[in-house]
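Please read the sequence alongside the model below. The text starts with a pocket, moves on to the ligand, and ends with two points of backbone geometry.

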Amino acid sequence: MGGCLFCGIADGSIPARVIHADDLVVAFEDINPVAPLHVLVIPREHIATINDLTPEHEAVVGRLYLVAQRIARERGYDERGYRVVMNCNADAGQSVYHIHLHLLAGRHLSWPPG
Ligand code: 5GP
Ligand code: ZN
């Protein structure tokens, strides 16, 4: 989708520190990390918000989680713990309108979130 930052990262036209790429998803380091590990996992397909998901997206949504799980394990955070979260629209603080799973680890994460 023209002008979308994360579509640009997915197709390689915008630089990012990519740590995983496959047919469905791309994972890269967040430019403004809020935890020692802060990775974003995105679908290659442009999907603006969770509200735009349809049953056809089941496979790609599953892949987002499996890739987050793998990165957390590879970085040694699987036993200690980590958080995966996806924000939707204004009240949740979504700022980039191409869905992305945040993978956060490496410090205690409070609950409930602010
Ligand atoms: P949201 O607020 O939409 O849930 O999360 C958007 C995330 O994208 C933020 O954590 C922000 O730091 C990250 N971000 C915004 N612009 C860029 C960028 O150009 N490159 C990378 N790697 N991350 C970005
Ligand atoms: Zn996009």
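The largest pocket of this predicted model has a volume of about 820 Å³. It is lined by 36 residues, of which D30, N32, V34, H38 and H102 are the closest to its centre. Five elements give two or more residues each to this lining: helix 1, strand 2, strand 3, strand 4 (82-85) and strand 5 (101-105). Strand 3 provides the largest share, with four residues. By class, the lining of the largest pocket divides into 20 nonpolar, 10 polar and six charged residues. As to how such a space is found, a probe the size of a water molecule is rolled over the atoms, and this shows where empty space is left.

What sits in the largest pocket? The occupant is ligand 1. There are 17 residues around ligand 1, and those that come nearest are D30, N87, S95, H100 and H102. D30 and H102 are thus named twice, among the residues closest to the centre of the largest pocket and among those nearest to ligand 1.

The shell around ligand 1 can also be described by element. Helix 1 (5-11), strand 2 (25-29) and strand 3 (37-43) each supply at least two of its residues. Here the largest share comes from helix 1, with three residues, whereas in the lining of the largest pocket the largest share comes from strand 3. By class, the shell around ligand 1 contains seven nonpolar, eight polar and two charged residues.

Which backbone atoms lie close to the N and O atoms of ligand 1? A backbone N or O atom of E29 is 2.9 Å from a nitrogen atom of the ligand. For S95, a backbone N or O atom lies 2.7 Å from an oxygen atom of ligand 1, and for V96 the corresponding distance, again to an oxygen atom of the ligand, is 3.0 Å. Ligand 1 taken alone exposes 520 Å², and the protein buries 81% of that.

Two points of backbone geometry remain. Most residues other than glycine have a negative phi, and most peptide bonds are trans. N89, which is not a glycine, has a positive phi of about 65°. This residue belongs to helix 3 (residues 89-92). The peptide bond from W111 to P112 is cis, with omega near 0°. P112 is found in the segment after strand 5, and strand 5 is one of the elements that contribute to the lining of the largest pocket.

Conventions. Residues are numbered from 1 along each chain as its sequence is written. Chains are lettered from A and ligands numbered from 1 in the order in which they are written. This is a predicted model: local features need pLDDT of at least 70, side-chain atom pairs count only at pLDDT 80 or more; totals for chains, interfaces and linings use all residues. Side-chain values use heavy atoms; hydrogens and water are left out. A residue is near a molecule or strand if one of its heavy atoms lies within 4 Å of it. A polar contact is a pair of N or O atoms within 3.5 Å; within protein, one must be able to donate a hydrogen and the other to accept it, and residues adjacent in sequence count only if both atoms are side-chain atoms. Accessible areas come from the Shrake-Rupley method with a 1.4 Å probe; for residues, only the protein chains shown count as cover. On a 1 Å grid over the protein atoms alone, a cavity is a set of points where a 1.4 Å probe fits but cannot get out, and a pocket is an open set with protein on both sides within 12 Å along at least five of seven lines; lining residues have an atom within 4 Å of a point. A molecule sits in a cavity or pocket if more than half of its atoms lie within 2 Å of its grid points. Ala, Val, Leu, Ile, Met, Phe, Trp, Tyr, Cys and Pro count as nonpolar, Asp, Glu, Lys and Arg as charged, and the others, Gly among them, as polar. Grid points are joined across faces, edges and corners, and a volume is the space filled by probe spheres set on the points.
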